[in-house]
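Colleague: I've got the file open and a coffee in hand. Could you walk me through it, one question at a time?

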Amino acid sequence: MTVLRRCALLLAVTVTVGLLPMLAGRDPALTVLRARFADREADAAALASIRAELGLGAGPFGLLRDWLAGLPRGDFGRSWVSGEPVGPELLRALLVSLSLAGFAAAVAGGVAALLVLVKSGRTAAALAALPEFLIGTGLLLVFAVRLGILPTSGWEDARYAVLPSIALGVPAGALLGTVASDAVRCALAEPWVRTWRAAGFNRRALVTAVARRAASVVGAQLSLIVAGLLGGAVAVEVVFAVPGIGRLAVAGALAQDMPVVQGCVLVVLVVGTAAGALAAWTQRALLGPAFAERGLQAPPSHASRRPGWLSLTPVFLILAVLPAGLPRDPLAVDLTARLLPPSARHPFGTDSLGRDLLARIGHGALSTVGLAVLVTVAALLIGLAWGLTVRGSGAIDVANALPPTVAALLVATVAGPGVFGAAVAVACVFWAPLAAHTRSLTLEQQAAQHLDAVRAIGAGRFWILTRHVLPAVVPAVTRNAVVRLPGVALALASLGFLGLGAGPPRPEWGLLLAEGMPFAERAPWVVLFPVAMLVLLGVSALTLASRIR
């Protein structure tokens, strides 16, 4: 049944993508004509020729039927723009993306292990808040342009994977490190650890057992991260000109090249679904007989510890920017004051149009952080509800594998581009890792040994859920969600930059970064201050997460 549900979900998403032209109410022939010949007039004869060539007379359902009929033969159709078969191009892009995702996963695993060893939560929060495209651009400027020790773009051998893998792996490793630290802390607090120590087990055996216990939670998140990297590396692929599947999917979607988009989405979702199934199998294998025989032991609850005032400094710094920046005009253009360095008049300097950066960052804090908080709360609620109540993980795997950009294109097609559509798209994707985390912890709690005694005395499902499962699951998943808050803000800003959300001249932090990147060498403050605010947001999120016990 699980396999059938996953296949049905894959088919439903693929069909939805195939019906995009009808849902959008736009003429695909016009879009294809403009993609092929930008300077050609869209007259009736040209449009009729395109319709006849592509077989658009059969309508969207006919086109979808023909496309699905070719899949068993490995035929993904022909590109509407280039006229070339989609299959070979899709295979090349898939191999590149799988290689890049594998290298990035190795980097993420190393970063996560290092963060667990040094026990530096604030470092993890700062790294998780760094935009991938910013890390990639910085690495490109230093190691490829200035030092010349690594290639700048393309994909030919392993050297071309170094910089994009680091750009993708560092933020992912920071998130994974947060989950791993939480899992290790919970494993060390379980009663069996004290029993093993009292019995005289050596340190190596104890560390191995704790690592295996924590890996049952971390493994599920790692599989989902790899699946997300496969289709969600669009920005890094653009920076390094990597011919991956995410870049191919977005290019096809913008050109309304439906065979390319359908093929990319189907392949990404299939790989993501397989990764989710592997994660579930890995968790059960690592837990061993204790899971099947309900022999797991839940860790004791801990009292909440309030952080000191010093740990709240990042929160105060963000709040201090609001009264300083809100009275200023974020849209006032002064071409005579372009790229001015920080001064008394402009404490954060000015951007390429002479606009005051303090004003733009202050006004952007309200929209960027506020909307990110709302989306994070929505994703948390959906993830908790789904992970606690739904047994299958097919929808989690499908949603996690769908890139936010493609999800935003689906929403924008129906509702039009805008802030609301971007928020819905990001929430539709970001709930999946939280649901997977919830489901992983719930399965372990339900297999806990003490629950057999609770059931034996007549406790019902609701009592067990509210008194035993929720207190153990909700705090850990909430910490995971809070740490992901900067990533949500970046995803919303990236969609705005692509024209699918809040666009210029709104002072979104992500847009400030995108607009300032071309001037980073000449005027580093146009990038430095938005990055500093995102890092402060990440550290602030960790401070809030540390209050959750």
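Modeller: Sure, and keep in mind that this is a predicted model. Let's begin with aspartate 351.

Colleague: Fine. In the loop between which two helices does aspartate 351 lie?

Modeller: One of the flanking helices covers residues 313-325 and the other covers 357-389. Aspartate 351 belongs to the loop between them, that is, between α16 and α17.

Colleague: Is aspartate 351 buried or exposed there?

Modeller: The cut-off for buried is under 20% relative accessible area. Aspartate 351 comes out at 7%, so the verdict is buried.

Colleague: Which residues is aspartate 351 in contact with, leaving aside neighbours within four places in sequence?

Modeller: Leucine 339 is one of them, and that residue sits in the loop between α16 and α17 too. Arginine 360 is another, and it also forms a salt bridge with aspartate 351, with the closest N and O atoms 3.9 Å apart. The full set is Arg338, Leu339, Leu357, Arg360 and Val526.

Colleague: And which backbone nitrogen lies 2.8 Å from a polar atom of the aspartate 351 side chain?

Modeller: Here the partner atom is in the backbone, not in a side chain. The nitrogen belongs to arginine 355.

Colleague: Back to arginine 360. What is its relative accessibility?

Modeller: Arginine 360 is in helix α17, and it bridges to aspartate 351. It counts as buried, because its relative accessibility is 0%.

Colleague: Which glutamate does arginine 360 meet in a salt bridge, and how many residues apart are the two?

Modeller: The N to O distance is 3.8 Å, and the partner is glutamate 515. Glutamate 515 is in helix α24 (residues 509-516), whereas arginine 360 is in helix α17. At 23% relative accessibility, glutamate 515 counts as partly exposed. The pair links distant parts of the chain, 155 residues apart.

Colleague: Which residues are linked in a network of salt bridges?

Modeller: We've met the pair of aspartate 351 and arginine 360, and the pair of arginine 360 and glutamate 515. The network also takes in arginine 355. Its members are Asp351, Arg355, Arg360 and Glu515.

Colleague: How many salt bridges does the structure hold?

Modeller: Another one joins arginine 328 and aspartate 356, the closest N and O atoms being 3.4 Å apart. Both of these residues lie in the loop between α16 and α17, so the pair ties together parts 28 residues apart in sequence. Arginine 328 is partly exposed at 27%, while aspartate 356 is buried at 7%. For the structure, the count of salt bridges is eight.

Colleague: What is the phi of leucine 339?

Modeller: Leucine 339 is buried, with 8% relative accessibility. It isn't a glycine, yet its phi is positive, at about 55 degrees.

Colleague: Where does alanine 241, with its positive phi, lie?

Modeller: Its phi is near 55 degrees, and the residue is partly exposed, with a relative accessible area of 27%. Look in the loop between α12 (234-239) and α13 (245-254).

Colleague: On to the interior. Which helix gives the most to the largest nonpolar core?

Modeller: Nonpolar side chains tend to be buried together in soluble globular proteins. The largest core here has 121 residues, of which Ile361, Val426, Leu492, Trp509 and Val527 touch the most other members. The top contributor, with 13 residues, is helix α20 (residues 419-446).

Colleague: How many residues are in the second, separate core?

Modeller: Among its members are Ala93, Leu94, Leu266 and Val267. The total is 16 residues.

Colleague: And on the surface, which residues form a nonpolar patch?

Modeller: Leucine 147 is one of the members, in the loop between α8 (132-146) and α9 (162-188). Leucine 147 counts as exposed because its relative accessible area is 52%. Together the patch residues have about 350 Å² of accessible area, and they are Val142, Phe143, Leu147 and Ile149.

Colleague: Last one, for the overall picture. What percentage of the residues count as buried?

Modeller: The chain has 25 helices and zero strands. Among contacts between residues at least 6 apart in sequence, 75% join residues at least 24 apart. Of the chain's 549 residues, the buried share is 52%.

Methods
Residues numbered from 1 in each chain as written. Predicted model: local features only at pLDDT ≥ 70, side-chain atom pairs only at ≥ 80, totals over all residues. Heavy atoms only, no water. Core = buried A, V, L, I, M, F, W, Y, C linked by side-chain atoms within 4.5 Å. Buried < 20%, exposed > 50% of the residue type's maximum accessible area, 1.4 Å probe, protein only. Helix = DSSP H or I, 4+ residues; strand = E, 2+ residues; numbered from the N terminus. Polar contact = N/O pair within 3.5 Å; in protein donor to acceptor, adjacent residues only side chain to side chain. Contact = heavy atoms within 4.5 Å. Patch = residues over 30% accessible without salt bridge, like charges linked within 9 Å, V, L, I, M, F, W, Y side chains within 5 Å. Areas by Shrake-Rupley, 256 points an atom, 1.4 Å probe, with all protein chains shown as cover. Salt bridge = Lys/Arg side-chain N within 4 Å of Asp/Glu carboxyl O.
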